[in-house]
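Trainee: I am new to this structure, and I would like to learn how to read it feature by feature. Could we begin once it is on the screen?

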Amino acid sequence: MIFTLLLCICLAGVYVFTAPKRYTGTAILMIDSRKMQGLQTQAQTNGGGDNPIDSAMVDSQVELLKSEAIASKVIKDLKLVESPEFMSDGGGVLSSISDAIYRLFSESKPPTEEQLLRGALARFASGLSIKRVGVSYVIEIAFQALSQEQAAQIANAVADGYIVDSLESKYQASRRAAVWLQDRLKELRSQASTAERAVADFKAKNNIVDAGGRLLTEQQLAEINTSLTTARSQRAEAQAKLERITTILNADTEDSTVILNDLATVSETMANPVITKLRQTYLDYNAKQADWSNRYGSTHLAVVNLRNQMREIRRSIIDELRRTAEVYKSDLEIAKAREESSQKSLNDTIAVSNNTSQAQIVLRDLESNAQSARALSDNFLQLYMVSVQQQSFPITEARVITQAASTLPNKTSPKTTLILLAAFVGGSVLAGIVAILLDMMDRVFRTASQVEQFVQTSCLASIPVIEQGVVNAISALPGKAWRFGKRGRPKPQQAPPKYGGFGTTLPLQGPEPGSSQPQPHRDRLLSTAESVGRYVINAPFSRFAEGFRSIKLASDLANYGSASNKVLGITSALPNEGKSTISEALAQTLAQSGCRTLLIDGDIRNPSLTARFTPAAQVGLIHVIVGQADWRNVVWIDPQTNLHFLPCAITSRFSNSSDLLASQQMEKLFQELRQHYDRIVLDLSPLAPVVDVRATRGLADSYILVIEWAKSKVDIVERVLSETPVVRERLLGAVLNKVNVSVMSRYDTYGAAYYRNRYYKRYGYVD
């Protein structure tokens with residue numbers, strides 16, 4: 001993980017130091033949404049103004065700023081194609097590598113103008129950054145270049161190019177609109193004139209005349225209607241007067257009541273002075289006649305004369321009434337004639353008005369068309385005038401509020417702090433991923449719990465790895481037991497007393513009288529001083545020795561109460577896992593404890609123990625099996641621990657080694673050896689390459705599987721155990737060999753290995 005993290009940081013550092021420095025020029029443009037003064041205000045008042053600026057419109061202007069039209073204009077105005085600084089990539093490492101690869105696989109032809117322009121457009125687009133500031137009408141224009149001056153120059157040129165393009169587009173739009181409006185205005189004027197002419201012709205054809213805003217027939221109809229009303233009123237009045245006079249005339253003329261009352265009404269109504277005067281005279285005579293009658297009597301001549309005069313006055317009144325009646329009759333006839341004339345004129349006028357109303361429907365349509373055509377023509381005339389004015393004074397909503405400055409420090413690439421921080425974070429994540437992947441692919445044994453989980457047996461011990469130099473340093477000082485100091489230098493300590501038990505050194509003793517033990521011979525003495533397995537004797541308080549004492553204890557407990565569990569087979573899944581060293585060290589531990597121990601090299605195909613201890617042996621296990629030698633005469637003895645060793649001396653490889661191990665002679669030999677030894681350690685061949693271990697069913701009572709720490713694959717161990725049921729059935733346990741104790745503690749932080757490694761220094765050597 002540290003390597004991955006450092007690699008990422010180094011790559012980031014290489015990029016930071018080799019990447020070309022880039023500078024950013026920033027210009028700020030604003031789309032002004034306020035109402036413009038002057039011509040734009042007039043245009044908006046007349047209906048020709050622009051629509052209010054909305055959010056979508058601002059986003060559209062951002063895309064317009066990114067368009068190739070403005071980019072091409074800026075490139076041509078600033079002659080960027082001819083600028084080596086703009087056309088180069090900056091000389092970065094990645095750029096140099098890509099250019100070299102491109103030149104290697106491409107034809108060496110000079111680029112055309114179109115290719116240069118396309119390349120410049122691509123570089124321009126890669127360096128240009130346009131963004132809207134929040135939800136405002138402000139647009140930020142940024143350009144990255146290799147120099148501050150060029151970055152600021154291009155950013156300002158983009159803003160100016162956008163404004164010029166906006167003005168040009170509006171000018172062209174106004175010009176095209178003016179031309180179109182002019183043509184359209186001619187058509188609308190012609191249409192308006194034609195419509196007005198049609199209205200006039202229709203009025204003339206249908207005799208429709210306006211009088212003060214009203215049709216002539218409507219005015220005549222109103223006047224005739226008024227005249228008819230007046231005539232009807234006059235006729236009614238004349239008829240009423242005639243009927244009243246006729247009623248008086250038909251009454252009794254001798255009745256004074258008529259003269260006194262009815263004539264009063266008629267005279268007041270008609271205002272006839274003659275009748276009024278006669279009636280007044282009649283009233284005077286009537287008063288005198290009443291007075292004289294009371295005074296002189298009704299037969300008096302004066303009274304009679306007065307009555308006669310009153311009779312004459314009544315006749316005069318009647319004659320005047322008849323004459324007035326004739327006048328009223330004449331007035332009635334005149335009123336009737338006038339009414340009939342007015343009624344006839346009204347009927348004629350109504351008939352004419354009805355015809356005119358039908359024509360007015362068509363006339364109104366014609367007038368409406370004429371008015372619409374004239375209004376549309378006037379509206380287009382106003383639009384045309386506005387377009388002509390806008391051509392002479394184009395306006396735009398955009399304006400630059402901040403220009404890019406070339407004097408301010410504006411280096412933006414590479415961002416050293418950000419890149420290193422990203423490399424650290426990304427490297428940490430990548431390191432974690434790599435560690436997880438390696439851990440998932442790490443199908444090896446690293447802790448005792450993994451052994452118990454996958455092999456389903458007890459982990460008897462974890463044997464630490466011992467360097468050969470340490471073994472040689474300790475073995476060079478006989479008679480002393482050694483421990484390590486703080487810096488790994490050996491320090492002598494007093495050797496333990498030489499009496500039986502753990503940690504003792506047993507002298508070579510001859511067999512007891514009458515014993516069938518092999519006789520010691522000076523030519524068959526083992527020399528194991530420089531052997532790794534000897535370290536268990538020379539450093540009894542080391543973790544190495546403690547591990548084998550753990551194996552011995554497990555073997556003793558398994559052998560407790562059973563006299564037949566003497567032969568212990570040591571094997572492994574693959575070669576070079578240290579099974580022979582484990583066999584030797586375990587045998588030394590057993591022999592040192594006072595047990596009669598025999599170590600047999602049973603790996604007939606590859607007898608590594610024989611090659612290590614007794615390379616000069618001429619006879620061994622094979623010769624004993626075939627009857628060429630007695631086992632007592634081929635056993636070698638360790639003079640220090642009294643360990644007996646039966647080598648396997650071969651001159652050529654055996655192809656039928658499994659047959660030898662499964663033979664009756666081998667079983668007979670082991671039966672005999674069981675009678676002479678307390679423990680027999682049998683070093684066997686590995687399980688995976690050969691099948692020899694399967695033939696040891698009648699030889700070994702139990703097996704110990706040696707597993708190399710951090711090397712043996714879980715799948716291989718599981719496979720070989722499933723293929724060798726005899727080992728699975730009699731498996732005493734497994735041993736983790738060549739363990740790096742400090743590294744193992746990291747995998748088993750809260751396990752036994754952690755605490756064993758942490759606290760063992762209080763009771764043993766400090767490795």
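Mentor: Let us begin with a pair of neighbouring strands, keeping in mind throughout that this is a predicted model. Strand S13 pairs with strand S14, which covers residues 644-646, in the antiparallel sense, and 2 bridges connect them.

Trainee: Which residue stands opposite Trp636 in S14?

Mentor: Opposite Trp636 you will find Phe645 of S14.

Trainee: In what order do the strands of the sheet lie?

Mentor: To read a sheet, follow it from one strand to the next partner. Here 8 strands make up an open sheet with mixed pairing, and their order is S8-S17-S16-S11-S15-S12-S14-S13. At its edges are strand S8 (459-464) and strand S13 (636-637), each of which pairs on one side only.

Trainee: How many bridges join S11 to S15, and how many join S11 to S16?

Mentor: Between S11 and strand S15 (residues 679-683) there are 4 bridges, and the two strands run parallel; within this pair, Val567 stands opposite Ile680. Between S11 and strand S16 (residues 702-708) there are 5 bridges, again with the strands running parallel, and there Ser572 has Val706 opposite.

Trainee: Is S11 mostly covered or mostly open?

Mentor: For a strand, ask both how many residues are buried and which way each one points. S11, spanning residues 567-572, is mostly covered, with 6 of its 6 residues buried. Val567, Gly569 and Thr571 point one way, while Leu568, Ile570 and Ser572 point the other way, and all of them are buried.

Trainee: How are single residues judged, and why does Ser293 count as buried?

Mentor: The reasoning needs one cut-off, since buried means under 20% relative accessible area. Ser293 counts as buried because its relative accessibility is 18%. This residue sits in helix H11 (residues 273-296), and, leaving aside neighbours within four places in sequence, it is in contact with Ser298, Val303 and Arg307.

Trainee: Why does Arg697 count as partly exposed?

Mentor: The partly exposed class lies between the buried limit and the exposed one, which is over 50%. Arg697 falls into that class because its relative accessibility is 42%. Arg697 belongs to the loop between S15 and S16, and its contacts, apart from neighbours within four places in sequence, are Tyr703, Val726, Glu729 and Arg730. Measuring along the chain and through space gives two separate readings: Arg697 and Ala662 are 35 residues apart in sequence, yet 7.9 Å apart in space from C-alpha to C-alpha.

Trainee: Which residues have the most contacts inside the largest nonpolar core?

Mentor: The largest nonpolar core has 49 residues, and those with the most contacts inside it are Val455, Ile600, Leu705 and Leu736. A second, separate core contains 35 residues, including Leu460, Leu590, Phe645 and Val706. As for Leu705, the residues it touches, not counting those up to four places away in sequence, include Val455, Thr571, Ser572 and Val717.

Trainee: How is empty space inside a protein found, and how many cavities of 30 Å³ or more does this structure hold?

Mentor: Rolling a probe the size of a water molecule over the atoms reveals where empty space remains. In this structure there are 2 cavities of 30 Å³ or more, and the largest cavity encloses about 50 Å³ of space.

Trainee: Which residues line the largest cavity?

Mentor: Its lining consists of Ser555, Asn565, Lys566, Val567, Leu568, Leu590, Arg679, Ser702 and Leu732. Sorted by class, the lining has 4 nonpolar, 3 polar and 2 charged residues.

Technical notes
Residues numbered from 1 in each chain as written. Predicted model: local features only at pLDDT ≥ 70, side-chain atom pairs only at ≥ 80, totals over all residues. Heavy atoms only, no water. Buried < 20%, exposed > 50% of the residue type's maximum accessible area, 1.4 Å probe, protein only. Pairing = 2+ DSSP bridges. 1 Å grid on protein atoms, 1.4 Å probe; cavity = no way out; pocket = protein on both sides within 12 Å on 5 of 7 lines; lining within 4 Å. Points joined across faces, edges and corners; volume = space filled by probe spheres on them. Nonpolar A, V, L, I, M, F, W, Y, C, P; charged D, E, K, R; others polar. Core = buried A, V, L, I, M, F, W, Y, C linked by side-chain atoms within 4.5 Å. Contact = heavy atoms within 4.5 Å.
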